[in-house]
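Student: I have a model open and want to go through its side-chain contacts and a few backbone details. Can we take it piece by piece?

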Amino acid sequence: MPLALAALVLVAGMLIPGFMSRANLTTILLHVSINGIIALGSTFVIITAGIDLSVGSVVGLAGVLAATTLTSGEVLKLLGPAGAALAAGIVGIAAGAAVGLLNGGIVSRLGVAPFIVTLATMTAARGAARLVTGGVPVGFPDPGDPLYGGKVAALDALHVVGGGRIPVPGLPTGFPVPALVMLALVCVGAFVLVRTRFGRHVYAVGGNEEASRLSGVAVARVKLATYAISGGCAGLAAVLLVGQLRSGGPDAGMLYELNAIAAAVIGGTSLFGGIGTAWGALTGALLIGVLNNGLDLLGVQSFWQEIAKGVIILLAVLFDVWMKRADARRRARAGRN
């Protein structure tokens with residue numbers, strides 16, 4: 001998949017004027033960062049042969065809770081603008097992790113299919129987000145608000161993380177902070193999956209759940225943890241989105257779950273479980289980001305972009321099925337010999 005990404009970048013660079021400019025490449029990184037973080041969390045769940053359809057709605061719910069905390073008069077008076085931004089970040093991530101724990105608890109303890117559980121929480125979380133806000137975005141205050149200055153300062157403080165850029169020599173627009181957060185998380189995710197006992201257990205559960213249980217792996221705990229990671233990553237993405245937009249909307253994150261699953265699958269994570277990497281999730285997110293950016297610059301209409309994305313996802317799934325069957329045939333031949 002890295003070769004496909006490199007080829008796509010090369011072709012886009014040759015065909016689209018301005019695509020290879022530093023400003024455009026950093027813009028792609030900024031746009032990819034939210035999807036990349038959610039895809040990383042989803043990768044943990046998919047490796048265990050699970051699925052998390054709730055992450056898009058979690059972005060909406062965690063975002064409005066973070067924005068409500070950020071612009072709360074009581075929180076501002078108690079903690080000040082910087083403290084309110086920190087509290088909003090904690091609330092957003094905790095809300096996402098709580099939904100993830102709920103998903104993981106029902107899946108692992110009650111044995112309900114992940115698709116059904118996360119479909120239910122997807123609907124419930126979106127409804128809760130609309131209930132909290134009354135269906136309207138929470139964010140930039142009215143100029144007549146007595147706490148107008150404090151609320152704007154708090155939004156600006158979170159914007160440093162969600163939309164800020166770090167000065168880099170030779171890069172006029174600087175490096176996007178959300179992209180830096182995404183890259184740091186991918187490094188942590190790769191370390192956890194490859195270098196820790198928990199990571200080995202994640203692969204083991206996805207490869208053969210029953211054999212893992214008989215080997216002493218705490219399967220329920222592993223599943224619970226992966227769903228919590230997925231929800232926490234969605235919560236963090238929501239906080240970054242609130243910082244970027246300076247508001248949290250109940251409809252934010254709509255269909256983000258499809259982008260996250262697509263990025264993970266395109267990056268080589270098997271929907272059958274047992275296979276996948278953090279770097280693969282990053283590669284898949286980058287490939288989708290480059291494709292979207294290239295089609296935008298070419299002026300391709302959005303519905304054609306959706307068709308192209310759907311075809312790529314379908315091809316990735318078909319390739320996954322083909323690899324799975326080829327592996328089964330290889331094992332069968334080895335058994336006969």
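Student: Start with α12. How many of the 20 residues of α12 are buried?
Tutor: This is a predicted model, so every value here is computed from predicted coordinates. In α12, 16 of the 20 residues are buried, so the helix is largely enclosed by the rest of the structure.

Student: What span should its 20 residues give, and how far apart are the end C-alpha atoms?
Tutor: Helix α12 covers residues 278-297. At 1.5 Å a residue it should span 28 Å, and its end C-alpha atoms are 29 Å apart, which agrees.

Student: What caps the N-terminal end of α12?
Tutor: T277 does. One of its side-chain oxygens lies 2.8 Å from the backbone nitrogen of G280.

Student: And which residue takes a positive phi just after α12?
Tutor: G299, with a phi of about 80°.

Student: Switching to charges. How many salt bridges does the count come to?
Tutor: Five. Among them is the one between the side chains of E209 and R213, at 3.2 Å from N to O.

Student: Where do E209 and R213 lie?
Tutor: Both are in helix α9, residues 209-214. They are four residues apart, about one turn of the helix.

Student: Why does that spacing suit a side-chain contact?
Tutor: An α-helix has 3.6 residues a turn, so residues three or four places apart point the same way.

Student: Which residue forms a salt bridge with R213 at 3.1 Å?
Tutor: E210, with 3.1 Å between the closest N and O atoms. E210 and R213 also share helix α9, this time three residues apart.

Student: What about E209 and K223, how far apart are the closest N and O atoms?
Tutor: They are 3.0 Å apart, and the two residues form a salt bridge. That pair links distant parts of the chain, with E209 in helix α9 and K223 in helix α10 (residues 219-245), 14 residues apart.

Student: Is K223 buried or exposed?
Tutor: K223 counts as buried, at 13% relative accessibility. The residues in α9 are another matter: E209 is partly exposed at 29%, R213 is partly exposed at 41%, and E210 is partly exposed at 44%.

Student: Which residues do the shared partners join into one network?
Tutor: E209, E210, R213 and K223, through salt bridges that share partners.

Student: Now the cysteines. How many disulfides does a search of the whole structure find?
Tutor: Zero. C187 is in no disulfide, and the nearest cysteine sulfur, that of C233, is 14 Å away.

Student: Why is there no bond for C233?
Tutor: Because the closest cysteine sulfur, in C187, is 14 Å away, which is too far for a bond. A pair has to lie within 2.5 Å to count as a disulfide.

Student: Are those two buried or exposed?
Tutor: C187 counts as partly exposed, at 42% relative accessibility. C233 counts as buried, at 9%.

Student: Strands next. How do β2 and β3 run, and how many bridges join them?
Tutor: Strand β2 (residues 165-168) and strand β3 (residues 171-176) run antiparallel, joined by three bridges. R165 stands opposite P176 in β3.

Student: How many residues lie between the strands in that hairpin?
Tutor: Two. In the hairpin, G170 takes a positive phi near 85°.

Student: How many aromatic pairs does the structure hold?
Tutor: One. F303 and W304 form it, with the centres 6.2 Å apart and 45° between the planes, so the pair is classed as tilted: the angle is neither under 30 degrees nor over 60.

Student: What are the relative accessible areas of F303 and W304?
Tutor: F303 has 44% and is partly exposed. W304 has 49% and is partly exposed too.

Student: Last one. N103 is in which helix?
Tutor: Helix α4, residues 73-110. N103 counts as buried, at 0% relative accessibility.

Student: What joins the side chains of N103 and S54?
Tutor: A polar contact of 3.0 Å.

Terms used
Residues are numbered from 1 along each chain as its sequence is written. This is a predicted model: local features need pLDDT of at least 70, side-chain atom pairs count only at pLDDT 80 or more; totals for chains, interfaces and linings use all residues. Side-chain values use heavy atoms; hydrogens and water are left out. Rings of Phe, Tyr and Trp (its six-membered ring) pair if their centres lie within 6.5 Å; planes under 30 degrees apart count as stacked, over 60 as edge-to-face and the rest as tilted. Buried means under 20% relative accessible area, exposed over 50%, partly exposed in between (1.4 Å probe, protein chains only). A salt bridge is a side-chain nitrogen of Lys or Arg within 4 Å of a carboxyl oxygen of Asp or Glu. The expected span of a helix is 1.5 Å times one less than its number of residues. A polar contact is a pair of N or O atoms within 3.5 Å; within protein, one must be able to donate a hydrogen and the other to accept it, and residues adjacent in sequence count only if both atoms are side-chain atoms. Two strands pair if DSSP finds at least two bridges between them.
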